[in-house]
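These are my notebook entries on one model, kept in the order in which I looked things up.

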Amino acid sequence: MQACFYVDDLFYRQHQFELPLDYTDQDGETIRVFAREVVAKDKQGTDLPWLVYLQGGPGFPAPRPDSNSGWFKRALKQYRILLLDQRGTGLSTVISHQTLASRTPEQQVAYLSQFRADNIVRDAEAIREQLGIQQWALLGQSFGGFCALHYLSYYPQSLSRAYITGGIPSMTRHADDVYQATYQRVLDKTQQFFHAFPAAQGMCNRIADYLLNNEIILPNGQRFTVEQFQLIGINLGRSGGALAMYYLLEDAFVDVNSKPELSYSFLTAMLAEQSYLTNPIYAILHESIYCQQDASQWSAHRVREHYPQCNYVSGEDFCFTGEMVYPWMFDQLETLRPLKTAADLLAEKADWPQLYDVDLLAKNTVPVTAAVYVEDMYVEFDYSRETLALMPNAKAWMTNEYEHNGLRADGERILDKLISMAEVIEQTQS
């Protein structure tokens, strides 16, 4: 039974689909995939085109809209939106340390290998067919853009348009190249942060030294380490992230019997920063999004050796890290520990299928428009430009007005820009 409801001027309908875990084994194990349909109340009965939203990550569910605002406001003027909880997330069959506990590490690897962009797109195709939709448009944010390029590579006939924000990946480079670039972006953002907030360097050094000299336990019982503290640098790539981080640092210590201790509120905030705990796909499959018939071999960990400033030594300046996954996380983070063996096996897996068809994308005729952020900390601008050069019919808006989360910060304007650009492409084609 489909659950339907109204909230203010929006109509919501929930969809559940039973789909193959492995599309090469149609009689094998199945999974549940959830999607939420959203349409303006006054257009509920209108035959509108569909727009599928592909979430960033990997490993996070689609947004839960609570108002007609942001990019939803612009999209709902002409589209019926489908918010896809990608397999393994949200209300789809979820992946967690709990749901994987009954499988051996080898079985976990076989299972998790089915949760990359290729099968996310196969799910979307199966859903499109079940709903009886001939074509639909895509909006891919970050990793969702990676999925959109896979969609364009293998099922372009199913697409009317593709809008991509902060999500044009390299189609040819190894993960090592990606991390060489992103480490440098993190160092740039770190330098900017300490320049903007001069007192923050001393605050970070004080916290790091305290962690080195004391056994600090997070509210979930997990020991908190300098390496974990460095991970909050991921926020430097988001609009408003730097100021929010500074406020966290200000509140780090509390006096207890005239002695400073890390406050419970700070430790709770640090635990909340570790989304890997609740979204393990984000950790265990992260590097695989860059793999095509090769192994990552813990790329971010290996490349880190070229950036010794990322290894904190007391008395030297503290440095953040960013959106990187490390093998030590599967020793330190409470809910990742049971997945350590599987993570090591996945890091050595070299038979990942090809994600992109470069030749087909070079001939693509589906209107593709992209917002590419010049100072993006997560998706290297120069590599996005390389990919766009291979797609002559794609049009990009290259801007330094926004960080990676521009769609969340000013989504109505950004999507309106991309839609206008797509209309120009269609006029040119006709």
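Entry 1, a histidine. I began with His306, which is exposed at a relative accessible area of 55%; here buried means under 20% relative accessible area, exposed over 50%, and partly exposed in between, with a 1.4 Å probe and protein chains only. I then located His306 in the loop between helix H11 (299-303) and helix H12 (329-332), where helices (H or I, at least four residues) and strands (E, at least two) are DSSP runs numbered from the N terminus. I also looked up a C-alpha separation, and found His306 and Tyr282, 24 residues apart along the chain, to be separated by 24 Å.

Entry 2, basis of the values. I note that this is a predicted model, in which local features need pLDDT of at least 70 and side-chain atom pairs count only at pLDDT 80 or more, while totals for chains, interfaces and linings use all residues. Residues are numbered from 1 along each chain as its sequence is written, and side-chain values use heavy atoms, with hydrogens and water left out.

Entry 3, cysteines. How many disulfides does the structure hold? I found zero, a disulfide being a pair of cysteine sulfur atoms within 2.5 Å. For Cys310 the closest cysteine sulfur, in Cys319, is 4.2 Å away, which is too far for a bond. Cys310 counts as buried at 1% relative accessibility, and Cys319 is buried as well, with a relative accessible area of 6%.

Entry 4, an annotation. The unreviewed UniProt entry places "domain: AB hydrolase-1" at residues 49-216; such positions are given in the numbering used here, feature names are shortened, and annotations may be inferred rather than shown by experiment. I recorded that this span is 46% helix and 15% strand, and that its end C-alpha atoms lie 53 Å apart.
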